[in-house]
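Biologist: I am new to this structure and should be grateful for a close look at a single part of it. Please take the sequence and the model shown here as the starting point.

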Amino acid sequence: MSPRDPGLDDIAVLPSSVSEKSPDDEKAGAAALSKDVESSSLTPSDEDTDEAEGEGEVLSDARDLVTHVISVDDDPSLSPWTFRVAVIGLGLSTFGGVLAEIYYFKPQTVLVSTMFLAIIAYVLGLAMETLIPSRGWFRYLNPGPFNKKENAMIVIMASAAANSALGTEVLAVQRLFYNITPNPAASIFLLFSSQMIGYGLGGLMRGVLLYPTKMLYPGVLPLVSMFDAFFRDGRTARKKLRLFYAAFAVIFVWELFPEWIFPLLTGFSIFCLADQRSPDFTRIFGGSSGNEGLGLFSICFDWQYISGGVNPFTIPLQAQVSNFIGYILCMIVFVAVYYKDIWQSRSLPFLSQELFYANGTVYDQLLILNADLEVDPALLAEQGLPLYAGTWVVSLLTTNLGMAATFTHLLLWNYDDLSAAWAWLSPAQLRAAWATFDWRLWRHDGRAERAQLYAETEGDKSIDPHYRATLVYADAPNSWYALTLVASALVALVVIYKTNSTLPWWGFLISLLLGALSILFFGALYAITGLQFIIQPFVQMIGGFIHPGKPMANMYFVLFSYNSVNQAQLLLRDLKIAQYTKLPPRAAFVAQVAGTLLGAVLNFVLMNSIIDAQAPVLLSVEGTNVWSGQQPQQYNSQAIAWGGLAHELFAAGTRYQWVPWAYVVGLIVPVPFWLVHKRWPGLRADYLYTPVICYYIGWLCVGINSSITSYFAVAWASQWYLRTRCPRWFAKYNYILGAALDGGTQVMVFILSFAVFGAAGSTHLFPQWWGANQAGNYDRCALIDT
């Protein structure tokens, strides 16, 4: 069991009668409690001196991180319910939602990251605090200094909106390729239901996937550390802020070079520079361009790709070790499969996700569809079965291997952590729930229960101190999330028939069950390690076997299962941000629902307007430098491949039969490690995450791979050297440095996307020179003609 936070015994017990108090009394009591917290349980992150107790100790577990790296104290007098939150939150939600949908149809992808939104929200919040008068009735518009809870609520609202809803992808494919235009009401409700089902499922699992300390969500620590630096006083906070601004400015200027002026820095390979004609060198050592090569020994100086959605300053060393083992095995397996010509790999591109004819040309999937856009056996026989690149088959196989291993691994090693997810099904729990059931959901504030839990956990070493600090606020209870889930599911059952989805009701229910099971296990793995598995191929495969020959049904099956998993993970991640920043649960709930619904409406409006104006361009293979239909085309192709050809490609006795069989094998993989640990615990077999090892054997199948060496170098320098050799520095500055590097990079990349990379319509590449090889691969590896 993790060591307990110093001084937690001294925190005053919240009175059990708090539910009977008036709002003013409750606020006063919460403020008094906060003073007790601040005076008696200061963590090293709260101190202003460099010699704070414990800062010289190595942070060894999740509890150490959340009590030494980020602030535990809270000020309940700070309110997130302000005019500033409404204006900035809705404004950034609109900005993010519109931008996300526009760039779904662009050749250049622009992502609005959480860190970017947090920085913009902070700047706008300070501007409103400065410019709006605070006297007279203006005090309602500007109630005081812009605070951390306001910033957190804005970020949660805007990040919920700043995604292109997967439902719009389905609707776009229906319009473009199937000539089906569901009525606007059905479409809007499809988006609402598909986005909110995951929220309902994830919210009901808060007790398992959110509240425990072990559910760390390491990826959010830099963001929360940045909030602490922005909003806390004291010498340590000022030093953190100086480091943040300095690193932010340096990386902001630096990114101009690898991103535009000197793109060779994206992937500096001695081997490619030594031999610029060898295709084999390109496959093994190249990696500065998409699907170029494995990037072995390539060095990357571009933080955009080094961080790449997973900040190396944040991932725990234990997960990094398993990740690195998977990476080494990935290169070995990929090279063996390709050069041994397994699955006819030598006649196909080395790295690709497309379907091919046997001669290596791209497979035309429309030629195997009949007038109803279903696979025609006669046309399929005429065209022949398509082939996948061997490395992509490995990726599909190891994805299934890793996902199956996740179930067994977590049941063996983390059974006690997950058992609460099904404990409520016991007869005693069901009777207790029925005895206290009240259909008046608006009265479910949970205050009495939370006050009792606060009292009972005094001195409890296992409870997360951040979660305990939020118990002073009224909860967004399970009934709210259950109502969200039930309402969304009922709406979805109606709209799958109103939108010509071809997905039957029982297929929809299976997709929900698959999504719920996946949220529990993959959500736990993501929360513990910070590594997120992409389970879309597995879900597509299951949908293809259940609904053979029905690409449209496959798309809807994926929408309600895979998208629910994604939405639940986003919800839980943002709720963890709320927990770390002490944002009241109801404020977080309102922010997420408002951002999601607003984003869905904006997505729908923008999607229809773009398709109305640009349909011929979106259907063309090339597109233009302004608009491209590559993403809906790819989604439709995947639906045809999985929904139409799953039996022909992956059933027993077929070419890729080991892809589904890998799921059976994956269930067994963790068992030997568990048995070895039980017999010889000194070997530390428990240190390995077998699902991570299995999954990352297929890691390098897509994208720019030149950054991997640099990624591991930074990760190990942070999580091993700094954490064990410079623990005081690590506790203070590691995560704020990661936040600064991410923030400066994302702001510069956002600017460059519009200024020179074609986001505004015109591309302006840097003139050709040795460090900017615009006519080939940036690392100067041989350009392979595919």
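At what angle do helix α24 and helix α26 pack, and how far apart are their axes?

Modeller: The model is a predicted one. In it, helix α24, which covers residues 505-529, packs with helix α26, residues 551-581, at an angle of about 35°. Their axes are 8 Å apart, and the crossing of the two helices is right-handed. On the α24 side, the residues that meet α26 include Phe508, Ile510, Leu512, Leu514, Ile519, Phe522 and Tyr526, together with Gly507, Gly515 and Gly523. On the α26 side, the partners include Phe557, Phe560, Val565 and Ala568, as well as Ser561, Ser564, Gln569 and Arg573. Sorted by character, the residues of this contact comprise 11 nonpolar, 8 polar and 1 charged.

Aspartate 475 may be considered next. This residue lies in the loop between α22 (465-469) and α23 (478-498). Aspartate 475 counts as buried because its relative accessibility is 11%, under the 20% cut-off. Its C-alpha atom is separated by 6.1 Å from that of arginine 586, although the two positions lie 111 residues apart along the chain.

The cysteines complete the picture. The count of disulfides comes to 1, and this bond joins cysteine 272 to cysteine 781, with an S to S distance of 1.5 Å. The pair links distant parts of the chain, 509 residues apart: cysteine 272 is in helix α12, and cysteine 781 is in the segment after α33. Cysteine 272 is buried at 0% relative accessibility, and cysteine 781 is buried at 5%. By contrast, the sulfur of cysteine 330 is 7.6 Å from its closest cysteine sulfur, in cysteine 701, and is therefore too far for a bond.

Conventions. Residues are numbered from 1 along each chain as its sequence is written. This is a predicted model: local features need pLDDT of at least 70, side-chain atom pairs count only at pLDDT 80 or more; totals for chains, interfaces and linings use all residues. Side-chain values use heavy atoms; hydrogens and water are left out. Axes are lines fitted to C-alpha atoms, for helices over the stretch in contact, and angles run from 0 to 180 degrees between N-to-C directions. Helices (H or I, at least four residues) and strands (E, at least two) are DSSP runs, numbered from the N terminus. A crossing is left-handed if the near helix is turned anticlockwise from the far one by less than a right angle, and right-handed if clockwise. Contact means heavy atoms within 4.5 Å. Ala, Val, Leu, Ile, Met, Phe, Trp, Tyr, Cys and Pro count as nonpolar, Asp, Glu, Lys and Arg as charged, and the others, Gly among them, as polar. Buried means under 20% relative accessible area, exposed over 50%, partly exposed in between (1.4 Å probe, protein chains only). A disulfide is a pair of cysteine sulfur atoms within 2.5 Å.
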